[in-house]
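Colleague: I should like a close look at the salt bridges of this model, with attention to where the paired side chains sit. Please take them one at a time.

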Amino acid sequence: PSCFGYPLSIFFIVVNEFCERFSYYGMRAVLVLYFKYFLHWDDNLSTAIYHTFVALCYLTPILGALIADSWLGKFKTIISLSIVYTIGQAVMSVSSINDLTDHNRDGSPDNISVHIALSMIGLILIALGTGGIKPCVSAFGGDQFEDDQEKQRTRFFSIFYLSINAGSLISTIITPILRAQDCGIHSKQRCYPLAFGVPAALMAVSLIVFVIGSRMYKKVRPQGNVMIQVFKCIGFAIKNRFRHRSKEFPKREHWLDWASEKYDKRLIAQTKMVLKVLFLYIPLPMFWALFDQQGSRWTLQATTMDGNFGSIQIQPDQMQTVNPILIIIMVPVVDAVIYPLIKKCKINFTPLRKITVGMFLASLAFVAAALVQVQIDKTLPVFPAAGQSQIKVINLGTDDVIVQFEPQLQNVTVTSMESTGYMTFETSQLQSLNITSGNKTKNETIEFPGQNRHTLGIKTTEKEIITKWLLDNVTSKPEEGNNLIRFINNLPDDINITMEDTSFGTVMSLSASNYASFSGGRKDKIEATTNSTTCSVTSKVFGFGSAYTIIINECTDDNLGIIYSEDIAPNTVHMAWQIPQYFILTCAEVVFSVTGLEFSYSQAPSNMKAVLQAGWLLTVAVGNIIVLIVAGASKLSEQWAEYVLFAALLLAVCIIFAVMAYFYTYTDPSEVEAQLDEEEKEQVKKDQDIYEKQAEAVSRM
């Protein structure tokens, strides 16, 4: 059955691919934040495991291709590995259920190793599944066409590519929204089970759709794998060359010619072409090393930025959608506008030059990322190091206060209802402080453990100066763009404070509540009850990643008088500043990735495409392993420096590649094949002549 001149079975295959890519990219979009916020791993470990997983996903396709071509056939391989894949996604979803081990119901898992073990099993199954299917689905789609449907087949591959990008685009928008919801049975957390569960459900849908179409598929029998042939041929050539290494054997013009005793000329000629392309692949992994950090380092960078786009609130992991959106726009633009323009300028923009430009652009994108990182670093708070203490003074009274840090370290004047920023002191030097207000003075000795932040509240009454020390137990910027809020009661009576649905309990006079966490970018209603009066006020809009101390000064007739004191500044660098680096990297991907595959296919015989596909995917895997090595080996404490390091490495590799490309001569596989055909024909003719002569001689006798 056909539809618009396409085999009907194609529609099932495209839908299947869409669901599978949705499932994979959706899961991958929230993965690094799941590691960081749910499993509580630090940035470096999260990045390392993320790239290990991606590398695995690109190593397994080689396995998938071997299984399909030599043993099960594409159809059965796709089905059996889809089942593995669906189980993996389901396990991943279960691993992120907080209530699984949260027996004391405090909102964090009691036995984290259960979650880690489950998610690792899930990720391994997913890597096996997604990798194993990857080479089969597109090839299986190609198998559905007859030989005379070349045009439809090419069109199919573009639709196929579109479905990949559509799947990844929609899932990178949706799964972060699901992750940002609150859910849970006993306590509310970020909804990772849903963010992993929806991809798992789509994977199941993908499998069902694929099975429904099974009657219509054209199933080609497994015909053995070319890759194995190629490896055997190379292995034999090396072995044979080694056996004949002494001087008396004549040299052969190419080391692969040593395989000619056992393998036919055609295979050797094809293998030579493949090796020539694979040699060019050697520098390519460095590109992927940078490209795949969108999902790790760049997403972590976005967590320290301000995601407020007017009425829309962007999650850090949603910034990754910039890439598929731009891809969908850029691919046609580059093809229809940019390349023709370059051609008009009489520049010969060969595929290898395109790839070189792609590498250069990716390196630029990382320079852009480094510049953004430098801006972010300026806004990050400085916390006290070992042996240091930080003090902030809040004046809760009506008179000015002068605080002198002894011995003669520094003095500050704080006006009524104002506060200072945090001042840093060497703990060993700071001994006491002297407070003066009007004609009253007070002296206090100080003994701090060090490495902490402290707030000193000062209130002057008619009779004396009252001091109140608070320990600020915040040692890092609030995670996920949340805000930390606490209250100081500056009223004579105890008060009961709530903000939205969070109760701060009863706060005594001149005391402070603990910090509570609120999600970023919103304003909340603050209510205070004292004696029998209830008064309320709506707070200002808090940004992202800030900490505030709110001082309650009055509570009369429904009016709550408050003053804000900023403990940690909100994220001020806007997420939109990430768009330039995404844009440059997407341009790089368009010229690099699309050209790379086209070039590979044009330079090798048609039956060797599988080998090249495997080689190409291998460069992605190696690229992700490079991230592990570089990030592990470079002991760079500054993130911007790591970005610059990657940019520099890629630039160096780009130059090496440009030199290699300069010496590369393009081949036309079809010409080589034609030549081999000619030679074979001649050989057959010769054999025939000899046979005829022999036959003649026999008949004469």
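The reply below takes up the salt bridges and then turns to a pocket.

Modeller: The model is a predicted one, and a search of the whole structure finds 18 salt bridges. In general, side chains of opposite charge can pair when their charged atoms come close. Three of these pairs are described here in turn.

Asp 292 and Arg 28 form a salt bridge through their side chains, at 3.5 Å from N to O. Asp 292 belongs to the loop between α9 (285-291) and α10 (297-302), whereas Arg 28 belongs to helix α1, so this pair ties together parts 264 residues apart in sequence. Both partners can be placed with respect to the surface. Asp 292 is buried, its relative accessible area being 4%, and Arg 28 also counts as buried, at 9% relative accessibility.

A second salt bridge joins the side chains of Glu 642 and Arg 297, with an N to O distance of 3.1 Å. Glu 642 lies in helix α15 (residues 639-662) and Arg 297 in helix α10; the pair therefore ties together parts that are 345 residues apart in sequence. Glu 642 counts as buried at 5% relative accessibility, and Arg 297 counts as buried at 3%.

The third pair consists of Asp 677 and Arg 266, whose closest N and O atoms are 2.3 Å apart. Because Asp 677 lies in helix α16 (residues 669-700) and Arg 266 in helix α8 (residues 265-281), this salt bridge ties together parts 411 residues apart in sequence. Asp 677 is partly exposed, with a relative accessible area of 34%. Arg 266 has a relative accessibility of 19% and counts as buried, since the limit for that class is under 20%. Neither residue stands outside a wider arrangement: Arg 266, Glu 673, Asp 677 and Glu 680 are linked in a network of salt bridges.

Helix α1, which holds Arg 28, also takes part in a pocket. Together with β4 (189-190) and β18 (516-518), α1 (9-38) is among the elements that each supply at least two residues to the lining of the second largest pocket. That pocket has a volume of about 1,200 Å³ and is lined by 46 residues. Those nearest its centre are Arg 190, Glu 480, Asn 482, Ser 517 and Ser 519. By class, the lining divides into 18 nonpolar, 18 polar and 10 charged residues.

Notes:
Residues numbered from 1 in each chain as written. Predicted model: local features only at pLDDT ≥ 70, side-chain atom pairs only at ≥ 80, totals over all residues. Heavy atoms only, no water. 1 Å grid on protein atoms, 1.4 Å probe; cavity = no way out; pocket = protein on both sides within 12 Å on 5 of 7 lines; lining within 4 Å. Points joined across faces, edges and corners; volume = space filled by probe spheres on them. Helix = DSSP H or I, 4+ residues; strand = E, 2+ residues; numbered from the N terminus. Nonpolar A, V, L, I, M, F, W, Y, C, P; charged D, E, K, R; others polar. Salt bridge = Lys/Arg side-chain N within 4 Å of Asp/Glu carboxyl O. Buried < 20%, exposed > 50% of the residue type's maximum accessible area, 1.4 Å probe, protein only.
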